[in-house]
Amino acid sequence: MTASTPPTTAEELRGVGLRVTAARVALLEAVRVGDHLGVEALAAGVRERVGHISLQAVYEALHALTAAGLVRRIEPPGSPALYEGRVGDNHHHLVCRTCGAVADVDCAVGHAPCLTASNDHGFAIDEAEVIYWGLCPDCSNAHGS
């Protein structure tokens, strides 16, 4: 009996019906090794791996990866869109008001209370987006709080 190996990035792309390109593979891998990265940072990561790629091509690939469920886009108010590879769960985010640092925070353990709205207005709710705002430890220490 052999241990199953995780699918390659190319196999994951094929599995969701996307054409495999060097840019898409590099972009998906850059999102997954990064930590809530913006488009410019992701484009730089892709360029390091495959050479020139236009910003428009990065946006188009991110749109396709997000629509396919391989990447998650978050957009805290007042911030540019950020992308992460953690998908398929109902986690939330902590955002620093001063420096903009973002960190993941798991939803409550057990049942998912954040998916039970006080009034669902007939919607079939399957995800909740919660953003906790405050100061990260570095900014909090800098402000003497």
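User: Hi! Is R86 buried, partly exposed or exposed in this model, and what is its relative accessible area?

Analyst: Good place to start, and please keep in mind that this is a predicted model. A residue counts as buried under 20% relative accessible area and as exposed over 50%, with partly exposed in between. R86 falls in that middle class, so the answer is partly exposed, with a relative accessible area of 29%.

User: What is the distance between the closest N and O atoms of D89 and R86?

Analyst: D89 is partly exposed too, with a relative accessible area of 31%. Its side chain pairs with R86 in a salt bridge. As background, side chains of opposite charge can pair when their charged atoms come close. For D89 and R86, the closest N and O atoms are apart by 2.6 Å.

User: D104 and R86 also meet in a salt bridge. How many residues apart in sequence are the parts that this pair ties together?

Analyst: The N to O distance in the salt bridge of D104 and R86 is 3.7 Å. D104 belongs to strand β4 (residues 102–105), whereas R86 sits in the loop between β2 and β3 (92–96), so the bridge ties together parts of the chain whose separation in sequence is 18 residues.

User: Which residues do salt bridges with shared partners join into one network?

Analyst: One member, D104, is partly exposed, at 30% relative accessible area. Salt bridges that share partners bring this aspartate into a network, whose members are R86, D89, D104 and D106.

User: How many salt bridges does the structure hold?

Analyst: The pair of D89 and R86 is one of them, and E84 with R72 is another, with the closest N and O atoms 3.7 Å apart. That second pair links distant parts of the chain, from strand β2 (residues 82–84) to strand β1 (residues 72–74), 12 residues apart. In the structure, the number of salt bridges is eight.

User: Are E84 and R72 buried or exposed?

Analyst: The cut-off to use here is a relative accessible area under 20% for buried residues. Both partners of this salt bridge, E84 and R72, fall in that class: they are buried.

User: Which residue's side chain makes a polar contact with the side chain of H93?

Analyst: H93 lies in strand β3 and is buried, at 1% relative accessibility. Beyond its neighbours within four places in sequence, H93 is in contact with a list of residues, among them H36, R72, D104 and Y132. The polar contact joins two side chains 3.0 Å apart, and the partner of H93 is E84.

User: What is the phi of H36, roughly?

Analyst: H36 lies in the loop between α2 (22–33) and α3 (39–50), and at 8% relative accessibility it is buried. Most residues other than glycine have a negative phi. H36 has a positive one, near 55°.

User: And what is the relative accessible area of H121?

Analyst: H121 also has a positive phi, of about 50°, although it is not a glycine. Its place is in the loop between β4 and β5 (131–134). Exposed means over 50%. H121 counts as exposed, because its relative accessible area is 63%.

User: How many charged residues line the largest pocket?

Analyst: The largest pocket has a volume of about 170 Å³. Its lining includes R72, R73, D89, D126, E127 and E129, alongside residues such as V71, G88 and N90. By class, three lining residues are nonpolar and two are polar, while the number of charged ones is six.

User: How far apart in space are the C-alpha atoms of L37 and V130?

Analyst: L37 is in the loop between α2 and α3 and is partly exposed, with a relative accessible area of 23%. Outside its neighbours up to four places away in sequence, L37 touches A30, L42, A81, L82 and Y83. L37 and V130 are 93 residues apart in sequence, and from C-alpha to C-alpha the distance is 19 Å.

User: Last one: which residues does L55 contact, leaving aside its neighbours within four places in sequence?

Analyst: L55 lies in helix α4 (residues 55–67) and is partly exposed, at 26% relative accessible area. Its C-alpha is separated by 18 Å from that of E84, which is 29 residues away along the chain. The contacts of L55 are V39, E40, A43 and R47.

Methods:
Residues numbered from 1 in each chain as written. Predicted model: local features only at pLDDT ≥ 70, side-chain atom pairs only at ≥ 80, totals over all residues. Heavy atoms only, no water. 1 Å grid on protein atoms, 1.4 Å probe; cavity = no way out; pocket = protein on both sides within 12 Å on 5 of 7 lines; lining within 4 Å. Points joined across faces, edges and corners; volume = space filled by probe spheres on them. Nonpolar A, V, L, I, M, F, W, Y, C, P; charged D, E, K, R; others polar. Salt bridge = Lys/Arg side-chain N within 4 Å of Asp/Glu carboxyl O. Helix = DSSP H or I, 4+ residues; strand = E, 2+ residues; numbered from the N terminus. Buried < 20%, exposed > 50% of the residue type's maximum accessible area, 1.4 Å probe, protein only. Polar contact = N/O pair within 3.5 Å; in protein donor to acceptor, adjacent residues only side chain to side chain. Contact = heavy atoms within 4.5 Å.
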